[in-house]
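This report follows the backbone from an annotated loop into the sheet and back to the ligand. Please keep the sequence and the structure in view while reading.

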Amino acid sequence: MTTLKNDRYLKALLREPVDMTPVWMMRQAGRYLPEYKATRAQAGDFMSLCRNAELACEVTLQPLRRYALDAAILFSDILTIPDAMGLGLSFGAGEGPKFAKPIENKSAVDNLPIPDPEQELQYVMNAVRTIRRELKGEVPLIGFSGSPWTLATYMVEGGSSKAFTKIKKMLYTQPHLLHSLLDKLAQSVILYLNAQIKAGAQAVMIFDTWGGVLAHRDYLDFSLQYMHQIVDGLIREHDGRKVPVTLFTKGGGLWLEAMADTGCDALGLDWTVNIADARARVGHKVALQGNMDPSILYAPAPRIEQEVRSILADFGQGSGHVFNLGHGIHQDVPVESPKVLVDSIHQLSQAYHK
Ligand code: CP3
């Protein structure tokens with residue numbers, strides 16, 4: 001087992017005692033940091049940054065140099081899998097992701113390959129290996145993937161969407177076709193995350209950013225079922241340590257019990273949920289990650305600290321909480337704000353771990 005200087009993130013996910021509440025921030029590497037923008041400019045476009053292991057490692061480490069974060073997250077994107085399946089991913093300036101060949105019919109689904117993580121996605125595994133080497137055991141490295149449903153929304157819509165009309169039309173007119181797409185994605189995600197774990201990721205997180213747009217029964221059938229398959233297929237112990245799995249459905253507050261029943265180790269919460277209620281509902285089964293509204297980072301320091309106090313008090317005494325934002329950090333927050341957040345969590349949480 002490789003030693004870790006700071007393992008409180010892994011311990012909290014397994015609900016083992018910690019000295020203070022660990023914290024990291026979703027999308028902690030990104031455009032709110034001037035040094036990120038500089039490295040990104042050096043790489044050219046976003047995917048070139050992801051494909052360059054040295055530069056991906058550099059941007060992964062940038063937020064850790066500024067703030068006392070308890071985990072690093074692989075710098076990559078959830079859309080690497082559909083890109084490796086041949087859909088032709090591009091990020092236009094200020095436009096968000098676009099696929100040249102969106103999925104429109106059965107033959108497109110039938111012809112989709114299941115990418116080999118050490119071939120088409122080897123650049124991701126190289127980034128994982130490089131980051132692990134450069135982290136030098138300071139904090140654990142989180143690997144990640146999108147959920148099959150969330151990946152399918154981008155693949156069928158051809159990019160970002162507000163109303164999800166194309167994929168919902170497929171869901172209600174050709175449910176078998178959508179299921180076969182989700183099934184291929186689930187198989188691909190299992191191979192991809194297991195390869196990240198073998199390459200050095202010490203925990204993994206599944207981002208189901210768009211699960212919350214589904215009707216109740218459809219969420220269970222078209223999103224959660226496939227995340228459950230993934231949880232069942234993952235390597236859960238590696239290098240003498242448990243590899244915790246976190247599921248995050250944005251807007252998933254109504255389904256926490258069902259999510260906890262997949263056998264995952266932790267649930268990510270967005271800010272619409274009260275973390276005290278969430279703990280009462282599922283805290284005997286899973287750890288909780290979250291859940292401050294990322295917009296609070298626009299506020300002055302006392303307001304950020306007030307929110308930290310409230311969330312820590314709501315979660316209450318003991319382990320099983322990883323502090324985080326309820327979604328990704330905004331690109332225009334002041335760079336001083338995350339320091340206020342991280343330092344106040346570490347300081348104020350110690351009382352809850354005595
Ligand atoms: O620091 C980290 O958290 C690691 C890196 C990371 C990125 N994307 C980098 C990125 C992670 C974990 C993601 C996940 C991701 N990507 C999700 C799930 C999490 C969420 O936020 O809900 C989703 C839905 C995507 C898809 C995606 N990637 C979109 C919609 C966009 C464009 C929107 C935007 O923010 O500009 C991206 C691009 C992207 N991924 C950027 C970064 C830093 C911005 C690209 C740039 O530098 O121009």
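Arg27 counts as partly exposed because 16 C-beta neighbours fall inside 10 Å, and in this predicted model the residue lies in the loop between helix 1 (8–13) and helix 2 (34–43). Although Arg27 is not a glycine, its phi is positive, at about 60 degrees. A second residue other than glycine with a positive phi is Asp239, where the value is near 55 degrees; Asp239 is found in the loop between strand 6 (237–238) and strand 7 (241–242), and it counts as exposed because it has 11 C-beta neighbours inside 10 Å.

Arg31 lies in the loop between helix 1 and helix 2 and is partly exposed, with 13 other C-beta atoms within 10 Å. Leaving aside residues up to four places away in sequence, Arg31 touches Tyr36, Lys37 and Gln331. Both Arg27 and Arg31 appear in an unreviewed UniProt entry under the annotation "binding site", which also covers Gln28, Ala29, Gly30, Asp77, Tyr154, Thr209 and His327. Of these, His327 is found in the loop between strand 11 and helix 15 (337–349) and is buried, with 22 other C-beta atoms within 10 Å. Its contacts, not counting residues up to four places away in sequence, are Met26, Lys250, Asp270 and Pro294.

The following table sets out the burial of the individual residues discussed in this report.

| Residue | Other C-beta atoms within 10 Å | Class |
|---|---|---|
| Arg27 | 16 within 10 Å | partly exposed |
| Arg31 | 13 within 10 Å | partly exposed |
| Asp239 | 11 within 10 Å | exposed |
| Phe248 | 27 within 10 Å | buried |
| His327 | 22 within 10 Å | buried |

What surrounds the ligand, by class of residue? The shell has 11 nonpolar, 6 polar and 4 charged residues, and of the 21 residues around the ligand, Ala29, Gly30, Phe207, Thr209 and Gly328 come nearest.

The sheet is open and is formed by 7 strands in the order 1-4-5-8-9-10-11, with parallel pairing. Its edge strands are strand 1 and strand 11 (321–325), each of which pairs on one side only. Helix 13 (residues 275–282) packs on the sheet, where it touches strand 9 (266–268) and strand 10, and its direction makes about 165 degrees with that of strand 10. Strand 10 (residues 287–292) is joined to strand 11 by 5 bridges, the two running parallel, and Gly290 has Phe323 as its bridge partner in strand 11. The peptide bond from Gly290 to Asn291 is cis, with omega near -5 degrees, and Asn291 is found in strand 10.

Towards the other edge, strand 1 (residues 72–73) pairs with strand 4 in the parallel sense over 2 bridges, and Ala72 has Leu141 as its bridge partner in strand 4. Strand 4 is also joined, by 5 bridges and in parallel, to strand 5 (residues 203–208), in which Val204 stands opposite Gly143. Strand 4 (residues 141–146) is mostly covered, with 6 of its 6 residues buried. In a regular strand the side chains alternate between the two faces of the sheet. Here Leu141, Gly143 and Ser145 point one way, while Ile142, Phe144 and Gly146 point the other way, and all are buried.

Within strand 8 (residues 245–249) lies Phe248, which is buried, with 27 other C-beta atoms within 10 Å. Not counting residues up to four places away in sequence, Phe248 touches Met205, Ile206, Phe207, Asp208 and Gly268.

Helix 8 (residues 148–157) is largely enclosed by the rest of the structure, because 10 of its 10 residues are buried; among them are Trp149, Tyr154 and Glu157. Just after helix 8, Gly158 takes a positive phi of about 85 degrees. The unreviewed UniProt entry gives the annotation "domain: Uroporphyrinogen decarboxylase (URO-D)" for residues 22–31 and 142–158. Over residues 22–31 the chain is 0% helix and 0% strand, with end C-alpha atoms 23 Å apart, whereas residues 142–158 are 59% helix and 29% strand, with end C-alpha atoms 28 Å apart.

Terms used:
Residues are numbered from 1 along each chain as its sequence is written. This is a predicted model: local features need pLDDT of at least 70, side-chain atom pairs count only at pLDDT 80 or more; totals for chains, interfaces and linings use all residues. A residue is buried if 20 or more other C-beta atoms lie within 10 Å of its own, exposed if 12 or fewer, and partly exposed in between; C-beta atoms are placed from the backbone. Helices (H or I, at least four residues) and strands (E, at least two) are DSSP runs, numbered from the N terminus. Two strands pair if DSSP finds at least two bridges between them. Two residues are in contact if their C-beta atoms, placed from the backbone, lie within 7 Å. Axes are lines fitted to C-alpha atoms, for helices over the stretch in contact, and angles run from 0 to 180 degrees between N-to-C directions. UniProt positions are given in the numbering used here, feature names are shortened, and annotations may be inferred rather than shown by experiment. A residue is near a molecule or strand if its C-beta atom, placed from the backbone, lies within 6 Å of it. Ala, Val, Leu, Ile, Met, Phe, Trp, Tyr, Cys and Pro count as nonpolar, Asp, Glu, Lys and Arg as charged, and the others, Gly among them, as polar.
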